[in-house]
Amino acid sequence: MTIQQIPYHPYTPPADSETAARAFYEIVNQRRTIRAFSDKPVPREVIEQVLLAAGTAPSGAHKQPWRFIAVSNAELKHKIRMAAEEVEREFYEKRASDRWLEDLEVFGTSPDKSYMDTVPWLIIVMALRTTDDGGQVYYLNESVGIATGMLLTAAHHAGLATLTHTPSPMNFLREVLDRPEHERPYMVIPMGYPADHCTVPDLQRKSLDEIALFKD
Ligand SMILES: Cc1cc2nc3c(=O)[nH]c(=O)nc-3n(C[C@H](O)[C@H](O)[C@H](O)COP(=O)(O)O)c2cc1C
């Protein structure tokens with residue numbers, strides 16, 4: 001397949017690059033994972049724009065191996081909650097190691113996923129193991145991971161809060177959502193506004209020195 005080359009139109013930030021980079025860092029540094037949501041509605045149009053932003057992610061050979069399933073239907077959210085709670089109970093009671101449970105203590109997580117009923121949207125990210133017509137995809141996990149990161153960032157930028165939720169195993173999602181075999185459930189992302197008086201653990205992020213090395 002031949003694809004024509006077209007001129008590239010670079011994005012020009014409204015300020016110089018350093019100012020723009022600082023301003024963006026200030027915004028994304030405010031993102032936090034929350035675990036208590038308000039039932040305040042979020043219009044579908046907002047979610048559509050956030051998903052479009054996620055869909056701009058780069059992907060191996062531009063296969064775009066993702067599908068975002070946006071659920072606001074109360075009955076379906078409840079079904080997902082029930083199934084998620086079942087696997088989470090199994091995780092907390094049987095499968096998680098003592099060390100894992102200890103590492104999770106600070107977050108106050110538990111098998112209770114009642115926020116899934118409250119939050120206006122659940123975005124289920126599916127990783128496509130093949131294209132919809134059975135074709136090869138490349139760097140699936142990397143591609144979907146980048147798109148998911150962009151999804152979280154776009155939601156945050158729109159003033160929405162998210163939770164990156166990974167019930168394990170996640171296969172029940174394909175069944176509940178009636179999705180085809182080549183869609184592998186990747187993540188569940190409740191998306192909405194925080195509940196009144198929502199709190200988050202006082203975590204510290206690594207410093208630049210810890211996360212980066214410069215070889216000038
Ligand atoms: C791959 C991944 C899986 C996660 N799974 C869960 C989860 O199942 N439940 C949960 O409450 N938080 C989950 N989190 C959220 C992390 O606990 C959270 O991102 C981390 O504590 C840092 O906090 P912050 O997002 O507020 O910076 C997950 C995050 C990632 C990236």
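This is a short tour of a predicted model, going from the central strands to the ligand and then to some loops.

**Strand E4.** Start by selecting residues 183-192, which form strand E4. This strand is mostly covered, with 9 of its 10 residues buried. Now add residues 121-128, strand E2, which pairs with E4 in the antiparallel sense over 8 bridges. To see the register, pick Leu122 and look across to Pro190 in E4. Next, add residues 161-162, strand E3; E3 and E4 run antiparallel and are joined by 2 bridges. Here Thr162 has Met191 of E4 as its bridge partner.

**The nonpolar core.** Stay with E2 and show side chains. The largest nonpolar core has 38 residues, and Leu122, Ile123, Val125 and Leu151 are those with the most contacts inside it. At least two residues of this core come from each of H2, E1, helix H3 (74-95), helix H5 (115-118), E2, helix H6 (140-157) and E4. E2 gives the most, with 8 residues. In soluble globular proteins, nonpolar side chains tend to be buried together. Which residues does Val125 contact, leaving aside its neighbours within four places in sequence? They are Trp66, Phe68, Val144, Thr148, Tyr186, Met187 and Ile189.

**The ligand.** Select the ligand and the residues surrounding it: Arg32, Thr33, Arg35, Phe107, Thr109, Leu163, Thr164, His165, Thr166, Val200 and Leu203. By class, this shell has 4 nonpolar, 5 polar and 2 charged residues.

**Ala57.** Move to the loop between helix H2 (44-54) and strand E1 (66-71), where Ala57 is found. Ala57 counts as partly exposed because 17 other C-beta atoms lie within 10 Å. Apart from neighbours within four places in sequence, Ala57 is in contact with Ser143, Ile146, Ala147 and Met150. For a distance check, take the C-alpha atoms of Ala57 and Glu93: they are 36 residues apart along the chain and separated by 37 Å.

**Backbone exceptions.** Most residues other than glycine have a negative phi, and most peptide bonds are trans. Three places to inspect follow.

- Ser168 and Pro169 are joined by a cis peptide bond, with omega about -5 degrees. Pro169 is in the loop between E3 and helix H7 (172-176).
- Asp178, in the loop between H7 and E4, has a positive phi near 55 degrees. Asp178 is exposed, since it has 6 other C-beta atoms within 10 Å.
- His197, in the loop between E4 and helix H8 (208-211), has a positive phi near 60 degrees. His197 is exposed, with 6 other C-beta atoms within 10 Å.

Technical notes. Residues are numbered from 1 along each chain as its sequence is written. This is a predicted model: local features need pLDDT of at least 70, side-chain atom pairs count only at pLDDT 80 or more; totals for chains, interfaces and linings use all residues. A residue is near a molecule or strand if its C-beta atom, placed from the backbone, lies within 6 Å of it. Ala, Val, Leu, Ile, Met, Phe, Trp, Tyr, Cys and Pro count as nonpolar, Asp, Glu, Lys and Arg as charged, and the others, Gly among them, as polar. Helices (H or I, at least four residues) and strands (E, at least two) are DSSP runs, numbered from the N terminus. A residue is buried if 20 or more other C-beta atoms lie within 10 Å of its own, exposed if 12 or fewer, and partly exposed in between; C-beta atoms are placed from the backbone. Two residues are in contact if their C-beta atoms, placed from the backbone, lie within 7 Å. Two strands pair if DSSP finds at least two bridges between them. A nonpolar core is a set of buried Ala, Val, Leu, Ile, Met, Phe, Trp, Tyr and Cys residues joined through C-beta atoms within 7 Å.
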